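This report goes through one protein chain, from its overall make-up to individual side chains. The sequence and the structure come first.

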Amino acid sequence: MAKSDDQSLVYSTDSGRIKHTKKESKVTPTDGFARIRRETKGRKGKGVVTITGLGLDSKALKELAKKLKKTCGTGGSVIGEIIEIQGDKREEIKASLEKAGFKVKMTGG
């Protein structure tokens with residue numbers, strides 16, 4: 001009997017309890033520049049600053065986002081490999097990232 005890739009299967013009479021393997025999150029390769037961009041589209045006119053191209057895993061991204069939110073005194077989140085910080089705090093974020101050793105490019109308007 002061939003094994004199925006059905007992830008909803010919990011028990012099989014053939015092999016007993018089925019344990020799912022966790023997939024490792026892969027980090028997208030970067031060109032060495034963190035890109036800072038201000039966006040308002042899809043946010044009802046509210047501006048956020050998005051930071052991409054950091055080349056960090058999810059745990060390190062969350063730690064960096066926490067540090068940036070604390071530095072700016074605003075809220076934010078991590079979505080995929082993108083850090084979003086509320087408000088227009090591009091200069092503060094740029095200074096903080098350069099201090100942390102990242103090369104920074106400002107993109108967009």
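The text below treats the chain as a whole, then one helix, the nonpolar core, the salt bridges and two residues of neighbouring strands.

## The chain as a whole

The model is predicted. Its chain contains two helices and seven strands, in the order β-β-β-β-α-β-β-α-β from the N terminus. Of the 109 residues in the chain, 21% are buried. The accessible surface amounts to about 8,300 Å², and carbon and sulfur atoms account for 50% of that surface. Among contacts between residues at least 6 apart in sequence, 48% link residues at least 24 apart.

## Helix H1

Helix H1 covers residues 58-72. Its end C-alpha atoms are 21 Å apart, which agrees with the 21 Å that 15 residues should span at 1.5 Å a residue. After the helix comes Gly73, with a positive phi near 70°.

Which residues of H1 are buried? They are Leu61, Leu64, Ala65, Leu68 and Cys72. These residues lie on the same side of H1, because the arc they cover around the axis is only 105°. The spacing fits the geometry of helices: an α-helix has 3.6 residues a turn, so residues three or four places apart point the same way. On the face turned away from the buried side are the exposed residues Lys59, Lys62, Glu63, Lys66 and Lys70.

The buried residues of H1 pack against four elements: strand S4 (48-52), strand S5 (76-79), strand S6 and helix H2 (90-99).

## The nonpolar core

In soluble globular proteins, nonpolar side chains tend to be buried together. The largest nonpolar core in this model has 15 residues. Within this core, Ile51, Ile83, Ile93 and Leu97 touch the most other members. At least two core residues come from each of S3, S4, H1, S6 and H2. Which element gives the most to this core? H1 does, with five residues.

Ile93 can be followed further. Apart from its neighbours within four places in sequence, Ile93 is in contact with Ile36, Val49, Ile51, Leu68, Cys72 and Ile85. Two of these partners, Leu68 and Cys72, are among the buried residues of H1.

## Salt bridges

Side chains of opposite charge can pair when their charged atoms come close. The whole structure holds four salt bridges, and the table gives three of them, with the distance between N and O atoms.

| Basic residue | Acidic residue | N to O distance |
|---|---|---|
| Arg37 | Glu39 | 3.7 Å |
| Arg38 | Asp88 | 3.7 Å |
| Arg90 | Asp88 | 2.9 Å |

In the pair of Arg37 and Glu39, Arg37 is partly exposed at 42% relative accessible area, and Glu39 is partly exposed at 23%.

The side chains of Arg38 and Asp88 also meet in a salt bridge. Arg38 lies in strand S3 (residues 33-39) and Asp88 in the loop between S6 and H2, so this pair ties together parts that are 50 residues apart in sequence. Both partners count as partly exposed, Arg38 at 36% relative accessibility and Asp88 at 44%.

Asp88 forms a salt bridge with Arg90 as well. Is Arg90 buried or exposed? Arg90 is buried, because its relative accessible area of 17% falls under 20%. Through their shared partners, the salt bridges join Arg38, Asp88 and Arg90 into one network.

## Glu84 and Ser77

Glu84 belongs to strand S6 (residues 82-86). Its relative accessible area is 16%, and Glu84 counts as buried because that value is under the 20% limit. With neighbours within four places in sequence left aside, Glu84 is in contact with Arg43, Val49, Thr50, Gly75, Gly76, Ser77 and Ile79.

One of these partners, Ser77, lies in strand S5. Ser77 is partly exposed, with a relative accessible area of 32%. Not counting residues up to four places away in sequence, Ser77 touches Ile82, Ile83 and Glu84. Ile83 is one of the core residues that touch the most other members. The C-alpha atoms of Ser77 and Lys66 are separated by 8.5 Å, with their positions 11 residues apart along the chain counted as the distance in sequence. Lys66 is one of the exposed residues on the face of H1 turned away from its buried side.

Conventions
Residues are numbered from 1 along each chain as its sequence is written. This is a predicted model: local features need pLDDT of at least 70, side-chain atom pairs count only at pLDDT 80 or more; totals for chains, interfaces and linings use all residues. Side-chain values use heavy atoms; hydrogens and water are left out. Buried means under 20% relative accessible area, exposed over 50%, partly exposed in between (1.4 Å probe, protein chains only). Contact means heavy atoms within 4.5 Å. The expected span of a helix is 1.5 Å times one less than its number of residues. The arc is that of the directions from the helix axis to the C-beta atoms. Accessible areas come from the Shrake-Rupley method with a 1.4 Å probe; for residues, only the protein chains shown count as cover. A nonpolar core is a set of buried Ala, Val, Leu, Ile, Met, Phe, Trp, Tyr and Cys residues joined through side-chain atoms within 4.5 Å.
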